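Reader: I'd like a close look at one part of this model, the surroundings of the bound ligand. Could you walk me through that, and then add a few words on other spots worth a glance?

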Amino acid sequence: MTATASDATVSDAPASDTAPAAAHFRFFELEVLRTRRLGHSFLRVTFGGESLSGFRSGGYDQSLSLFLPPAHQEHTVLPSTDEDTWFASWRGMPDEERPVMRSYTVRAQRRTPEGADEVDIDFVLHGTATSAADAAGSPAAYWAGRAVTGRRIMAIGPAVAENKSVRFQPPAGTDALLMYADETALPAAAAILDRLPAGARVAAWFEVPHADDRLVLPTLSDADITWIVRESGAGKERIERVLEALRAAELPVAEAPYAWLAGEAGTIRAVRRHVVQERSIDRRAVRFTGYWRLGASEEELLAEAYAGQAASEEPTSAL
Ligand SMILES: Cc1cc2nc3c(=O)[nH]c(=O)nc-3n(C[C@H](O)[C@H](O)[C@H](O)COP(=O)(O)OP(=O)(O)OC[C@H]3O[C@@H](n4cnc5c(N)ncnc54)[C@H](O)[C@@H]3O)c2cc1C
C-alpha cells in the first residue's frame with residue numbers, strides 16, 4: 001500500500017512490546033535539483049535534499065506520497081510532520097492553504113560520486129498542466145509542469161527497503177511475467193524492468209498517449225514489449241483497444257505466470273478480468289492496482305476509501 005495517512009500513523013507496531021520495529025515510512029523534504037522532458041507526456045523531476053540520506057527505496061514499483069503546495073505557494077508547508085499529529089493538522093488546514101497529497105513512483109534512487117542522494121520521479125503532464133484550471137483540477141501535474149530548481153515539497157516515503165509500498169512481489173518459482181501499464185504506471189514498469197535478471201521472460205503491454213512516449217526501457221530480461229498508442233478515445237473505447245491488443249497476443253507458455261497490472265482503474269478491472277477469465281491465470285498470481293480513475297481526483301478516491309466505500313478489489317491509497 002502506498003504510504004498514506006493510515007500507513008504513516010501506524011509505525012508497524014511490534015507484535016510484542018519488547019522490540020520496537022523501525023517505522024517503515026517517514027517524512028522527507030525533497031528539493032528540486034533539475035527537470036528533464038522524457039517524452040511528450042513525461043517530465044522527470046530529480047530531487048535532492050539532506051533528509052534523503054535516510055530514504056530507502058525498495059525498487060520495483062516503490063511508491064510514495066507527495067505533498068504539493070497550492071499554486072500561490074513556492075514550497076510545501078505542513079504544520080506538523082509528527083507521526084501522531086500530522087494527519088489531523090494537515091486535514092485541519094484551510095482548503096486554499098492545504099497541500100494536496102498524491103501517490104507517485106520512485107523511478108530511481110542513487111548516490112552520486114560526491115555522496116549526494118538523488119531521487120527521480122517521472123510525472124505525467126496530463127491535461128495541459130499549464131492553465132490555472134489545471135492548478136485547481138490536476139494540482140500535481142500542474143505543479144510538475146512548473147517545477148524549478150530549489151522548490152521544496154514534502155513526501156512520506158520509505159525508510160526501509162522492505163515495505164508495503166513495493167507491490168511487485170512475484171512468488172518464488174514464477175516462470176513468466178505479464179505486465180500491463182498505462183503512462184502513470186510506466187515509471188513503475190520501467191523500474192521493475194530495470195531490476196529483472198537476465199533471461200527473465202516478460203510479455204508487456206504499455207499504453208501511452210503519444211508515439212513519442214514509447215521510452216527506451218533498459219532491461220536484462222527477455223522482454224517482449226507491445227506499445228499501445230492511445231491517440232484518442234477515453235472510457236470504453238480505450239478499454240476495448242487495450243483488450244483487443246491483449247486478445248491478439250500469444251502469451252509465453254508458462255507453468256507459474258505472474259501478472260502485474262497498473263493504470264486507470266476501469267481499464268485495470270477489465271485487464272484483470274481478461275487475464276483471470278480468458279487466460280486462466282490464477283487470481284492469486286495477479287497483482288493489480290488502480291493508479292487513478294477517469295473523472296475522479298485522488299482526494300475523491302481517498303475520501304471514498306476513508307468512508308469505506310472503496311472498490312471491492314485490493315484497496316490502495318488511490319482506490
Ligand atoms: C501507487 C501509485 C503510483 C503512481 N505513480 C505515478 C507516477 O510515477 N507518475 C505519474 O504521473 N502518476 C503516478 N500515479 C498516478 C497519479 O497519482 C494520478 O494520476 C494523480 O491523480 C495525479 O494527480 P493530479 O493532481 O495531477 O490529478 P487529480 O487532481 O488527482 O485528478 C484530476 C482529474 O485528472 C484525471 N487524471 C488523473 N491522472 C490522469 C492522467 N494521468 N491522465 C489523464 N487524466 C488524469 C482524474 O481522473 C481527474 O478527473 C500513481 C498512482 C499510484 C496510486
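Author: One term before we start: a residue is called buried when its relative accessible area is under 20%, with a 1.4 Å probe and protein chains only. Also keep in mind that this is a predicted model.

Now to the ligand. There are 27 residues around it, and Arg102, Ser103, His126, Gly137 and Arg293 come nearest. Sorted by character, that shell has 12 nonpolar residues, 10 polar ones and 5 charged ones. Where do they come from? Both domains chip in: domain 1 (5–158) and domain 2 (176–306) each give at least three residues to the shell. Looking at the secondary structure, you'll find at least two shell residues in each of β4 (100–105), β6 (117–124), α4 (139–145) and β12 (286–292). Of the elements, β4 gives the most, with 4 residues.

Next, the polar side of things. His126 uses its side chain: an N or O atom there is 2.7 Å from an oxygen atom of the ligand. Arg293 does it with its backbone instead, where an N or O atom sits 2.6 Å from a ligand oxygen. Glu298 also has a backbone N or O atom in the picture, 2.9 Å from an oxygen atom of the ligand. As for how much of the ligand is covered, the protein takes up 91% of the 920 Å² of accessible area that the ligand has on its own.

Away from the ligand, have a look at serine 80. You'll find it in the loop between β3 (63–68) and α2 (86–91). Is serine 80 buried or exposed? Its relative accessibility is 13%, and because the cut-off is under 20%, serine 80 counts as buried. The side chain of serine 80 has two polar partners to check. One is the side chain of threonine 85, joined to serine 80 by a polar contact of 2.7 Å. The other is the backbone nitrogen of aspartate 82, which lies 3.0 Å from a polar atom of the serine 80 side chain. If you set aside neighbours within four places in sequence, serine 80 is in contact with Thr85, Trp86 and Ser89.

Last stop, helix α5 (residues 186–195). Here 8 of the 10 residues are buried, so the helix is largely enclosed by the rest of the structure. The buried ones in α5 are Leu186, Pro187, Ala188, Ala189, Ala190, Ala191, Ile192 and Leu193.

How values were computed
Residues numbered from 1 in each chain as written. Predicted model: local features only at pLDDT ≥ 70, side-chain atom pairs only at ≥ 80, totals over all residues. Heavy atoms only, no water. Buried < 20%, exposed > 50% of the residue type's maximum accessible area, 1.4 Å probe, protein only. Polar contact = N/O pair within 3.5 Å; in protein donor to acceptor, adjacent residues only side chain to side chain. Contact = heavy atoms within 4.5 Å. Near = heavy atom within 4 Å. Areas by Shrake-Rupley, 256 points an atom, 1.4 Å probe, with all protein chains shown as cover. Nonpolar A, V, L, I, M, F, W, Y, C, P; charged D, E, K, R; others polar. Domains from an automatic or database assignment.
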